[in-house]
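Here's a quick tour of the pockets and the ligand site in this model. Have the structure open as you read.

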Amino acid sequence: MTFPHRHLLGIEQLRPEEITTILDLAEEYVALNRGDKKHSDVLSGLTQINMFFENSTRTQASFELAGKRLGADVMNMAMQASSVKKGETLIDTALTLNAMHPDLLVVRHPHSGAVDLLAQKVNCAVLNAGDGRHEHPTQALLDGLTIRRAKGRLHRLSIAICGDIAHSRVARSNIMLLGKMENRIRLIGPPTLMPSGIEEFGVEVFDNMDEGLKDVDVVMMLRLQKERMDGGFIPSEREYYHRYGLDAEKLSHAKPDAIVMHPGPMNRGVEIDSDIADDINRSVIQEQVEMGVAVRMAAMDLLARNLKGTA
Ligand code: NCD
């Protein structure tokens, strides 16, 4: 397996065969995670530090579990309580941590580009756990693995990404990953939540769910990212749900075996109906969480091999 990267900063830097390498290795970790002895020692002796400058439940828990299952010493920095509050810059914080000799730094930050900048200042492997509205590579990889397992392939599928595209790093990373793997991508949402010039990425844009969902294999819903909006993007949540919330009627336009995805956390009754989210025949939302741990184990394993020079 070749994975010639020092960091995992985004999907943008990955070639299709490298994406496949990560997903294939993740399959092995899915099997490990389903067994009785959920432990390997590929990161034994290495130190992983998680720095989350933005709230996170599942991504932080997932990276922590992934590191522990691979035998790393894992530390979570409580960034809210750290010197950042006292005015220390991101780079000073990074340099301080760097002096403690971590091997893997997992970073989430509210500013697009902050994680790339940090990666230039430290001498360990950096994994981007989400930077602003820029990239969230492990989310796109776990989504890719979930799709590949449900559909038996990750190419030539018709995939709709719906909702708040403009504020979503999940959408951005997925558009790149699914495009590199040669799928047909449709973006559905109100024009106010659609980034301008997005058609250049080779996607089709719709502002009507019934039309956009017609015959798709995969329906990927996004959270309304209210924390990144300064008002005026949607008339009201009720109106938004009426037009863009995924319910049984709108889903009936997709293929009968279409799967439903959501990265979480969900706003039930805003972008997705609870019955659809919980429908075990359609929704793969819990599988996404399961695949998240496996994909993060695979990504950290591959980066660690490079650290040891054994790649
Ligand atoms: C996403 C994120 O943080 O970008 N969530 C996640 O990582 N599970 C999407 C979101 O917050 O809506």
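## The second largest pocket

Keep in mind that this is a predicted model. Let's begin with the second largest pocket, whose lining is made up of Arg-133, His-134, Ile-165, Ala-166, Ser-168, Ala-171, Arg-172, Ile-175, Pro-195, Ile-198 and Phe-201. Sort those residues by class and you get seven nonpolar, two polar and two charged. The space inside the second largest pocket comes to about 170 Å³.

## The largest pocket

Now for the largest pocket, which holds about 370 Å³ of space. There are 21 lining residues here, and the ones closest to the centre are Arg-108, Arg-169, Arg-223, Gly-264 and Pro-265. Two elements, α2 (58-69) and α6 (169-180), each give two or more residues to this lining.

What classes of residue line the largest pocket? The split is ten polar, seven charged and four nonpolar.

## Where the ligand sits

The largest pocket is also where you'll find the ligand. Once again α2 and α6 turn up, as the elements that give two or more residues to the shell around the ligand. The full set of residues surrounding the ligand is Arg-58, Thr-59, Arg-108, His-136, Gln-139, Arg-169, Val-170, Arg-223, Gln-225, Pro-263, Gly-264 and Pro-265. By class, that shell has five polar, four charged and three nonpolar residues.

## Polar contacts to the ligand

Which atoms should you zoom in on? Start with the side chain of Gln-225, where an N or O atom is 2.7 Å from an oxygen atom of the ligand. Arg-108 also reaches a ligand oxygen, with a polar side-chain atom 3.1 Å away. Pro-263 does things through its backbone: an N or O atom there lies 3.1 Å from a nitrogen atom of the ligand.

How much of the ligand does the protein bury? On its own the ligand exposes 320 Å², and 95% of that is buried by the protein.

## Two backbone details

Pro-265 is worth another look. Besides being one of the residues around the ligand, Pro-265 follows a cis peptide bond: the link from Gly-264 to Pro-265 has omega near -5 degrees. Pro-265 belongs to the loop between β9 (259-261) and α10 (274-277). Both Gly-264 and Pro-265 are also listed among the residues closest to the centre of the largest pocket, so you can check the cis bond while you're viewing the ligand site.

The other detail is at Arg-156, in the loop that runs between α5 (137-151) and β5 (158-162). Arg-156 isn't a glycine, yet its phi is positive, near 50 degrees.

Definitions and conventions. Residues are numbered from 1 along each chain as its sequence is written. This is a predicted model: local features need pLDDT of at least 70, side-chain atom pairs count only at pLDDT 80 or more; totals for chains, interfaces and linings use all residues. Side-chain values use heavy atoms; hydrogens and water are left out. On a 1 Å grid over the protein atoms alone, a cavity is a set of points where a 1.4 Å probe fits but cannot get out, and a pocket is an open set with protein on both sides within 12 Å along at least five of seven lines; lining residues have an atom within 4 Å of a point. Grid points are joined across faces, edges and corners, and a volume is the space filled by probe spheres set on the points. Helices (H or I, at least four residues) and strands (E, at least two) are DSSP runs, numbered from the N terminus. Ala, Val, Leu, Ile, Met, Phe, Trp, Tyr, Cys and Pro count as nonpolar, Asp, Glu, Lys and Arg as charged, and the others, Gly among them, as polar. A residue is near a molecule or strand if one of its heavy atoms lies within 4 Å of it. A polar contact is a pair of N or O atoms within 3.5 Å; within protein, one must be able to donate a hydrogen and the other to accept it, and residues adjacent in sequence count only if both atoms are side-chain atoms. Accessible areas come from the Shrake-Rupley method with a 1.4 Å probe; for residues, only the protein chains shown count as cover. A molecule sits in a cavity or pocket if more than half of its atoms lie within 2 Å of its grid points.
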